[in-house]
Amino acid sequence: MKFKSKTIYTSHIDTPLGGITMAATDQGLAGVWFDQQRHWPDTTGWIPKDDHPALVEAGTQLRDYFAGKRNDFDMPLDLSHGTAFQQSVWHALLAIPAGKTMTYGALSAHVGNPTAVRAVGAAVGRNPISVIVPCHRVLGSDGSLTGYAGGLHRKTALLELEGAR
């Protein structure tokens, strides 16, 4: 993923599932990636800023989530770095509540294109804000754990943490 010509600030935190790199713009949180996650963005020119308000808030909320103190996230997000279709899928992911799951087919129907299951799957896989935009809550048509850019072991752990597995 190449971010559009905005200043990107970055910070890194440790979690029970491994390190996480976070990115923010002036509009809000723009990225959350586990270390060694697929689809790693080009970080050229990013500015380390551990005290950026969006990154501080994201770090606090993620730590609370992993400690079992929260299921939902409440912070400004900047999802503007994908295509219009990707953005529609990423916004639809936000509607899946903690502890619940949805199939790729149901998500396709939710975004108004029930025959675009593969395209929806590709957009889910390119979700730039792991955990907070809950792509881990999307399952195969038979309920199986299929694909997760952060690794299936993390998808399983996230669903268990939320009581969905």
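**Aromatic pairs, a buried tyrosine and two positive phi values**

Let me begin with the tryptophans: Trp-33, Trp-40 and Trp-46 come together as one aromatic cluster. I should say at once that what we are looking at is a predicted model, and that everything I describe this morning is computed from that model.

The structure contains four aromatic pairs. In one of them, the ring centres of Trp-33 and Trp-40 are 6.2 Å apart and the ring planes stand at 55 degrees, so this pair is classed as tilted, given that edge-to-face would need an angle over 60 degrees. As for their surroundings, Trp-33 is buried, with a relative accessible area of 2%, whereas Trp-40 counts as partly exposed at 35% relative accessibility. Another pair joins Tyr-65 and Phe-66, whose ring centres are 5.3 Å apart and whose planes meet at 80 degrees, so here the pair is edge-to-face. Tyr-65 is buried, at a relative accessible area of 1%, and Phe-66 is buried as well, at 12%.

Let me step back to the chain. There are five helices and six strands, and if you read along the sequence, the order is β-β-β-β-α-α-β-α-α-β-α. For 165 residues, a compact globule would have a radius of gyration near 15 Å, and the chain has 15 Å, which agrees with that expectation. The C-alpha trace spans about 45 × 35 × 25 Å along its principal axes, and 46% of the 165 residues count as buried. If we take the contacts between residues at least 6 apart in sequence, 59% of them join residues at least 24 apart. The accessible surface comes to about 7800 Å², with 51% of that belonging to carbon and sulfur atoms. On the charges, the chain has 15 positive and 14 negative ones, and the mean positions of the two sets are 7 Å apart.

Now to a residue I would like you to find on the screen, Tyr-148, which is found in the loop between β6, residues 138-139, and α5, residues 152-161. Is Tyr-148 buried or exposed? At 6% relative accessibility, Tyr-148 counts as buried, the cut-off for that class being under 20%. Leaving aside residues up to four places away in sequence, Tyr-148 touches Phe-34, Arg-38, Ser-130, Val-131, Cys-135, His-136, Arg-154, Lys-155 and Leu-158. The C-alpha atoms of Tyr-148 and Gly-121 are separated by 10 Å, with these positions 27 residues apart along the chain counted as their separation.

One of those contacts, Val-131, leads me to the backbone. Most residues other than glycine have a negative phi. Where, then, does Val-131 lie? Val-131 lies in the loop between α4, residues 117-125, and β6, and its phi is near 70 degrees, a positive value in a residue other than glycine. Val-131 also counts as buried, at 0% relative accessibility.

His-39 is another case, with phi near 65 degrees, again positive in a residue other than glycine. His-39 is found in the loop between β3, residues 28-34, and β4, residues 47-48, and at 32% relative accessibility His-39 counts as partly exposed.

To close, I would ask you to keep two views in mind as you turn the model: the cluster of Trp-33, Trp-40 and Trp-46, and the contact of Tyr-148 with Val-131.

Methods:
Residues are numbered from 1 along each chain as its sequence is written. This is a predicted model: local features need pLDDT of at least 70, side-chain atom pairs count only at pLDDT 80 or more; totals for chains, interfaces and linings use all residues. Side-chain values use heavy atoms; hydrogens and water are left out. Rings of Phe, Tyr and Trp (its six-membered ring) pair if their centres lie within 6.5 Å; planes under 30 degrees apart count as stacked, over 60 as edge-to-face and the rest as tilted. Buried means under 20% relative accessible area, exposed over 50%, partly exposed in between (1.4 Å probe, protein chains only). Helices (H or I, at least four residues) and strands (E, at least two) are DSSP runs, numbered from the N terminus. Contact means heavy atoms within 4.5 Å. The radius of gyration is taken over C-alpha atoms; the globule rule is 2.2 Å times the number of residues to the power 0.38. Accessible areas come from the Shrake-Rupley method with a 1.4 Å probe; for residues, only the protein chains shown count as cover. Lys and Arg count as positive and Asp and Glu as negative; His and the chain ends are not counted. The place of a charge is taken as NZ of Lys, CZ of Arg, CG of Asp or CD of Glu.
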